[in-house]
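Please find below a short note on the structure, set out as numbered points. Each point may be followed in the structure itself.

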Amino acid sequence: MNLRLADRMENAINPFISDILRATARKDLISFGGGLPNPASFPVREISEAAQKVLSEDGAGALQYSTAEGYPPLRELIAARYQKRFGITVDPADILMTTGSQQGLDLLAKLFLNKGDDLLIERPGYLGAIQAFNIYQPNYHAVPLRKDGADTDVLEEILKSCSPKLFYAVPNFQNPSGLTYSEQNRKRVAELMKKSGTIFVEDDPYGELRFAGSEMPCMKSFLGEDVIMLGTFSKIISPAIRLGWVCAKPEIMKYLVAAKQAADIHSDYFAERVVCQYLQDNDLDAHIEKIRTMYQERKNCMVEMARRYFPQDVSFTDPEGGMFMWVTLPEGMSAVELNKIAAEKNVAFVPGDPFYVGERNVNTFRMSYTNSDANVIEKGIRCLGDAMREMTAS
Ligand code: PMP
């Protein structure tokens, strides 16, 4: 039978993405592929205590339906954290709890994107956002990333010929590149957003995982209301709990709430209560400090090993936080091809292709350092260096 699906599903399935993600999850591999937090960082005992407390003190209440916006005390804690981190005032009423920040991406696309609407995205960009946006069939404009952030010359050129509604970006320890926008770059991007009337969507799942350098101002501090912020507990507490949030001005929030209600009524209320209890009873900063130390050691090791084992003409980023390192092979070399040779040596990474819109066989790839110990990182990077040399020799 002809399924007669909606036109929007045309580019929804990308078998390439499913294949490579499946390949990076093989149990027998040294995997630098998946972007998974290190499970040793999960606060298992503390979450168990918080869940028990919620159940014993207000079990029936915590198991009931709730409001679309989410549990008010949790949204107050999130607003207070913005104040503490950046000195900005966020009204808890402007925060909507979502099922991971991934749902925030889907809701925003639903709210803003008609088929063919111009949309700015980083090059490379977060593949989960590309997947979410593809269903709404935007007309992408890719803004290349440089060492210090978005290429504002290209951005300025793009803005001369079209009027995008949104610029979706990850200014801190970006997925996949690990790059961070400098303060000057943020200011220039903000100027261009203001001038063109583009809303900046600031996705920040990794910002708290800074292990070097100093905290950057958030885009909201330059743009005020004309920013939509996305946040998540996935990388600082647990991704299984699926709790994220969107912060937007009231005119946008009322539509977000309508879309959220339509999608799933509200986020997991029990999870909201448990996370709120966890935050009230524990020192989140101390917990995050442990994660930072854990990731910094691994990142340092990966950079050191890449310097030792990768050929001279291969370059890579040296992130100041987050979970990812981005590798650039010499011009013309395909990371997909390298991935095949590496798989025979039981090493996995994510080739760059799914992080680009409309480009294939790129010479870049993503490696996550969060989940491997030093000896595994050394072994994996040595094998990758060998695979690179084999590829150039053949
Ligand atoms: N944005 C970015 C940039 C991410 O890297 C991720 C997770 N990989 C997400 C959003 C989604 O995270 P979650 O839905 O778990 O909050």
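1. In which sense do strand 11 and strand 14 pair, and over how many bridges? The model is a predicted one. In it, strand 11 (residues 324-328) and strand 14 (residues 364-368) pair in the antiparallel sense, over 5 bridges. One residue pair may serve as a guide to the eye: M325 has M367 of strand 14 as its bridge partner.

2. These strands belong to an open sheet of 4 strands, in the order 10-11-14-13, with antiparallel pairing. Strand 10 (315-316) and strand 13 (350-351) stand at the edges; each has a single partner strand, so one side of each is left without a neighbour in the sheet. In general, the strands of a sheet pair through backbone hydrogen bonds.

3. The next point concerns two helices. Helix 4 (residues 100-112) packs with helix 9 (residues 250-264) at an angle of about 115 degrees, and their axes are 10 Å apart. The crossing of helix 4 and helix 9 is right-handed. Helix 4 contributes L107, K110 and L111 to the contact, while helix 9 contributes Y255, L256, A259, K260 and A263. By class, the residues of this contact comprise 6 nonpolar, 2 charged and no polar.

4. Helix 4 also deserves attention at the ligand. The ligand is surrounded by 14 residues, of which the closest are G100, S101, Q102, T232 and S234. Helix 4 gives the most to this shell, with 3 residues. The shell around the ligand divides into 9 polar, 4 nonpolar and 1 charged residues.

Key
Residues are numbered from 1 along each chain as its sequence is written. This is a predicted model: local features need pLDDT of at least 70, side-chain atom pairs count only at pLDDT 80 or more; totals for chains, interfaces and linings use all residues. Axes are lines fitted to C-alpha atoms, for helices over the stretch in contact, and angles run from 0 to 180 degrees between N-to-C directions. A crossing is left-handed if the near helix is turned anticlockwise from the far one by less than a right angle, and right-handed if clockwise. Two residues are in contact if their C-beta atoms, placed from the backbone, lie within 7 Å. Ala, Val, Leu, Ile, Met, Phe, Trp, Tyr, Cys and Pro count as nonpolar, Asp, Glu, Lys and Arg as charged, and the others, Gly among them, as polar. A residue is near a molecule or strand if its C-beta atom, placed from the backbone, lies within 6 Å of it. Two strands pair if DSSP finds at least two bridges between them.
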